[in-house]
Amino acid sequence: MRDEFWDTAPHYGGQKEIWDALRAAAEADLSLAQAIVDSAGVIVTTDDLSTCYDERGAKYDLPKYVLSEPTNIVKDR
């Protein structure tokens, strides 16, 4: 589901470069994620990156499943 979201996210509007930065930030640790969104000029309005804006005012909504690791998956032994 994550890959499908990121592959189709630019079709929701906004700039592809911002979507790429948001993906990198969502997959990074906290300090690196902060550096990524700062350098891309992304304005984060929530604690978890679920709602962001670019410098032109375009809104980027990220679903929770791209922001956290799944908790209902059994790992192979």
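**Pocket lining, sheet and aromatic cluster in a predicted model**

By residue class, the lining of the largest pocket comprises nine nonpolar, two polar and three charged residues. The structure described here is a predicted model. Fourteen is the number of residues that line this pocket, and those lying nearest its centre are Ala 25, Leu 30, Ala 33, Asp 47 and Leu 49. The volume of the largest pocket is about 250 Å³. Two helices, H2 (16-26) and H3 (30-40), each provide at least two residues of the lining. Helix H3 makes the greatest contribution to the lining of the largest pocket, with four residues.

The secondary structure of the protein consists of three helices and three strands, and the order of these elements from the N terminus is α-α-α-β-β-β. Of the 77 residues in the protein, 29% are buried. The mean pLDDT of the protein is 88, with 90% of its residues at 70 or more. Confidence is highest in strand E2, at 95, and lowest in helix H1 (residues 2-8), where the mean is 87. Where pLDDT is low, the predicted coordinates should not be interpreted in detail.

The three strands form an open sheet in the order E1-E2-E3, and the pairing is antiparallel. Strand E1 (43-44) and strand E3 (59-61) are the edge strands, each of them pairing on one side only. In a sheet, strands pair through backbone hydrogen bonds, in either a parallel or an antiparallel sense. The antiparallel pairing of E2 (residues 51-53) with E3 extends over three bridges. Within this part of the sheet, Thr 51 stands opposite Asp 61 of E3.

The loop between E2 and E3 contains Ala 58. With a relative accessible area of 24%, Ala 58 is partly exposed, because the buried class requires a value under 20%. Ala 58 is separated from Gln 15 by 43 residues in sequence, whereas their C-alpha atoms are 8.4 Å apart in space.

Five aromatic pairs are present in the structure. One of them joins Phe 5 and Trp 6 in an edge-to-face arrangement, with a centre-to-centre distance of 5.1 Å and an angle of 70° between the planes. Both Phe 5 and Trp 6 are buried. A further pair is formed by Phe 5 and Tyr 65, whose ring centres are 6.5 Å apart; their planes stand at 85°, so this pair is also edge-to-face. Phe 5 belongs to helix H1 and Tyr 65 to the segment after E3, and the pair therefore ties together parts that are 60 residues apart in sequence.

The two partners of this pair differ in their exposure class. Phe 5 has a relative accessible area of 6% and is therefore buried. Tyr 65, in contrast, has a relative accessible area of 33% and is partly exposed. Beyond these two partners, ring pairs connect Phe 5, Trp 6, Tyr 12, Trp 19, Tyr 60 and Tyr 65 into a cluster. Among the members of this cluster, Phe 5 takes part in the edge-to-face pair with Trp 6 as well as in the edge-to-face pair with Tyr 65.

How values were computed: Residues are numbered from 1 along each chain as its sequence is written. This is a predicted model: local features need pLDDT of at least 70, side-chain atom pairs count only at pLDDT 80 or more; totals for chains, interfaces and linings use all residues. Side-chain values use heavy atoms; hydrogens and water are left out. On a 1 Å grid over the protein atoms alone, a cavity is a set of points where a 1.4 Å probe fits but cannot get out, and a pocket is an open set with protein on both sides within 12 Å along at least five of seven lines; lining residues have an atom within 4 Å of a point. Grid points are joined across faces, edges and corners, and a volume is the space filled by probe spheres set on the points. Ala, Val, Leu, Ile, Met, Phe, Trp, Tyr, Cys and Pro count as nonpolar, Asp, Glu, Lys and Arg as charged, and the others, Gly among them, as polar. Two strands pair if DSSP finds at least two bridges between them. pLDDT is the predictor's confidence in each residue, from 0 to 100. Rings of Phe, Tyr and Trp (its six-membered ring) pair if their centres lie within 6.5 Å; planes under 30 degrees apart count as stacked, over 60 as edge-to-face and the rest as tilted. Buried means under 20% relative accessible area, exposed over 50%, partly exposed in between (1.4 Å probe, protein chains only).
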